[in-house]
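I sat down with this one to see what could be looked up in it. Here are my notes, in the order I took them.

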Amino acid sequence: MPSYSKKRRTSNAVFLGLSFGAAALGLVALVFILAALLWNGIAGLKPSVFTEMTPPPGSAGGLLNAIYGSVVMTVLGLLIGAPIGLLAGTYMAEHGRYSKLTIVVRFLNDILLSAPSIIIGLFVYEVVVTRLGHFSGVAGALALAMLVIPVVARTTEDMLLLVPNTLREAASAMGLPRSHVVWKVAYAAARPGIVTGLLLAFARISGETAPLLFTALNNQFWNTDLNQPTASLPTVIFQFALSPYKDWQQLAWTGALIITATVLLLSIAARSLGSTRTAK
Amino acid sequence: MADITLQDRPVARRIDAGRAAVLSRFRTVDSIFAGLTLGAAILVLVLLGGVLVSLVVGSLPAFNAFGWRFLVTQTWNPNDDVYGALGAIYGTIVTSLIAMAIAIPVGIGIAIFLTELCPFGLRKPIGMAIELLAGIPSIIYGIWGLFVFAPFLQSTVEPALIAVLGPIPVFGALFQGPPYGIGVLTAGLILGIMVLPFISSVSRDVFLTVPPVLKEAGYGLGCTTWEVMRNVVIPFSRTGVIGGVMLALGRALGETMAVTFVIGNAHKISASILLPGTTISAAIANEFTEAVGDLYTSSLIELGLILFVITFIVLAIARYMLLRIQRRAGA
C-alpha cells in the first residue's frame, strides 16, 4: 500500500513537472524569438530606415516606400473590410439572431477566419489581378479586406450578444426604431469590444505576407499610385531575407522588428481593452 | 394633454401628419439598415463561395491535362510542363504531423499549468504571453527560423539525431542524411511553436468549463492533481480539446511564410525528415509569380484548391466540436 501511494505521488510530481516545463518552454520560445529580433534588428534601426527608399544591393537605403505601402494598404483594407464585417456581425446578433441564415453565415465566417491567407491571395489574383491585367496596391488592399471581414464580424457578433436585452427593450419601449436601438444602444454598449475587434484585425493584416505576394507584388521605388504594384514591409522582408546580400538581410531584420513591435503593441492594446470590458 | 384637446382639428391633423412622416422615415431607415446588414451577411457567403468557384475555374486547365493523376504523381517539372501534387501534399501532411506531435502535449501541458498549478496572479500574464506567440506575424517566424533556429538545429540537434536515431532499423530512415538545418523537420518544429497557443488557449478555456463539483469529487476520493486531470477533466473536456487541436491543425496545414523560409522547396518525397521538401502553400508562395505558362499557373491554383478543401474539412470538424462544447457551457 505505501509503495502504491508513493508511485501515485511520483507520477503526479512527474506530470505536473512536465506541464510546468511545457509552460516554461512556451515562454522560452517567445523570449528567444523576441530577443533575436531585438538583437538583429536594432543594429539597423537608424533614421534613414524611415526616410530612404529600399536600396539596390550594396548601397545604403531604408524602408520608406515599404512602410508607406504597408500603411496605405492596411488602412485601405481596414476601411473596406471593417464596415462589411461590422454589418455582417450586426445581422447575426441583431436582425437575424434566430434565422437559419445566421447559423450558416456564422459557420462559414469561422471557416474564413482560419482559412489559409494564401488562398485569399489566389482568389484575389483570379478575380482582380487577371481582370485588370496587372498587380496593384488596390488588389493587395482587397485581399487584406477579405481577412478583416471575418475577424470584425466575429467580434462584433460576440460583443453585441453580450449586450443585455433589457437595454434594447427599454429603448424600444421609448419608441425608438430598431435601427436607432442598434446604433444608439447596442453599439454604444458594445463599443470597447468592437474596437478590440478592429485592433485585432489591424494587427492581423499588418503582418500578412502571403496574400500580398501576388496581388500587390512589390515595388523598389516610391509609388503613391495604388493602381501600380506596391511595396509592403512583409514582402520586402521576404525578398531581402532570402537574398544573399548582408545589407538587405539587415534591413529585413529591422523591418521585422518594426512589424513585430507594431503588431504586438496593437494586440496588447486590444487585449487590455477587451479585458476591462469583461471585468466590468 | 389638456393643450392638445384644446387644439382645433387642422393642427391635430398637422401633428398627425408630422408623426406619420417621422414614423415612415423611421421605417425606411430601419429597412435600409436591416437590408444593409443582411447584404453584408450574404456577402460573407458569396466571398467564400467565390473563393471556391474561382479556385475550381482556375484549376480546370490543370485538371483537364492531368486528371486525378495530379493527386498521386510526384513529378513537378516546369521544363516539360508536367505537374503532380503528391510531393507537396506529402510535405504539407508530414510538417503538420510533426507540428502536432510537438504542440499537442506541450499545449495541453500549458493549459494544465495555467488552470491548476500557476499562482492566480500569474495566470493572466503567462496566458497572455503564450497567446502573443499567436500574434507574431508568420514572416517573423520565417526569418527567425532561417537565421537563428535552422543553424542551431544544424549545428547541435540534427547531428545528435543522426548519430542516436539514425542507426535504428526502419525508424532510423527518418533521420538520415546530412544535417542541412533547413528541411521538413525544421518546418514542422516551427509550425509546432506557431500553433501552440491555439491548443493551449482553447484547452484552457474548456478546462475551465468543467464543473468544480466534479473535480472536488475526484479530490474527495483522494485523487492526486494529475489523476483528477487525467480521469476527470480531460475526459470531460475531450471534445473541446480535440476542437482546439483541429483548429491548430488547420492553421498548420495552411501556414505559408514560415514554412517557405525553412523547408528547402524540393518537390520530392524523401524518407528522411531532415531533407528538404515542400508544402502546398510554400510551393504557391515560391513559384506563383514566376510561373510562366497557363498550365504551370493552373497547377499551382489546383494545389491551392486541394489545400482549401483539406483545411475546410479540418476546420469544419474543429468548429463543430467547439460548438458542441459551447452549447454545453451555455446550457
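**Entry 1: salt bridges.** I began with A:Glu208, which is buried at a relative accessible area of 12%. My scale was this: buried is under 20% relative accessible area, exposed is over 50%, and partly exposed is in between, with a 1.4 Å probe and protein chains only. The areas themselves come from the Shrake-Rupley method. The side chain of A:Glu208 meets that of A:Arg204 in a salt bridge, 3.7 Å from N to O. By salt bridge I mean a side-chain nitrogen of Lys or Arg within 4 Å of a carboxyl oxygen of Asp or Glu.

A note on the source before going further: this is a predicted model, in which local features need pLDDT of at least 70 and side-chain atom pairs count only at pLDDT 80 or more, while totals for chains, interfaces and linings use all residues. Residues are numbered from 1 along each chain as its sequence is written, chains are lettered from A and ligands numbered from 1 in the order in which they are written, and side-chain values use heavy atoms, with hydrogens and water left out.

How many salt bridges does a search of the whole structure find? I got 10 over all chains.

Next I followed B:Glu131, which forms a salt bridge with A:Arg271, the closest N and O atoms being 2.7 Å apart. B:Glu131 lies in helix H5 (residues 120-135) of chain B and A:Arg271 in helix H11 (residues 246-279) of chain A, so this pair joins two chains. Helices here are DSSP runs of H or I with at least four residues, strands are runs of E with at least two, and both are numbered from the N terminus. B:Glu131 is buried at 18%, whereas A:Arg271 is partly exposed at 28%.

I then looked at B:Arg204 and B:Asp205, whose side chains meet in a salt bridge of 3.5 Å, N to O. B:Arg204 counts as buried at 17% relative accessibility, and B:Asp205 as partly exposed at 41%. Shared partners link A:Arg271, B:Glu131, B:Arg204 and B:Asp205 into one salt-bridge network.

**Entry 2: cavities.** Where is empty space left? Rolling a probe the size of a water molecule over the atoms shows this. On a 1 Å grid over the protein atoms alone, a cavity is a set of points where a 1.4 Å probe fits but cannot get out; a pocket is an open set with protein on both sides within 12 Å along at least five of seven lines; lining residues have an atom within 4 Å of a point. A volume is the space filled by probe spheres set on the points.

I found three cavities of 30 Å³ or more. The largest holds about 60 Å³ of space. It is lined by 14 residues, with B:Tyr90, B:Val184, B:Lys268, B:Ser270 and B:Gly277 closest to its centre. Helix H4 (residues 86-117) of chain B supplies the largest share of that lining, three residues. The lining of the largest cavity divides into seven nonpolar, six polar and one charged. For this count, Ala, Val, Leu, Ile, Met, Phe, Trp, Tyr, Cys and Pro are nonpolar, Asp, Glu, Lys and Arg are charged, and the others, Gly among them, are polar.

**Entry 3: second largest pocket.** This pocket has about 390 Å³ of space. Of its 15 lining residues, A:Leu25, A:Ala29, B:Trp144, B:Phe149 and B:Ile193 lie nearest the centre. H1 of chain A and H4, helix H6 (138-165) and helix H7 (184-207) of chain B each give two or more residues to the lining. H1(A) gives the most, with five residues. I tallied 13 nonpolar, two polar and no charged residues in the lining of this pocket.

**Entry 4: single residues.** B:Ser281 sits in helix H12 (residues 280-287) of chain B and counts as buried at 1%. B:Ser281 and B:Gly254 are 27 residues apart in sequence and 6.3 Å apart in space, C-alpha to C-alpha.

I also checked the backbone for positive phi outside glycine. A:Leu217 has phi near 55°; A:Leu217 is in the loop between helix H9 (210-213) and helix H10 (233-241) of chain A. B:Asp81 has a positive phi of about 60° and belongs to the loop between strand S1 (76-77) and strand S2 (82-83) of chain B.
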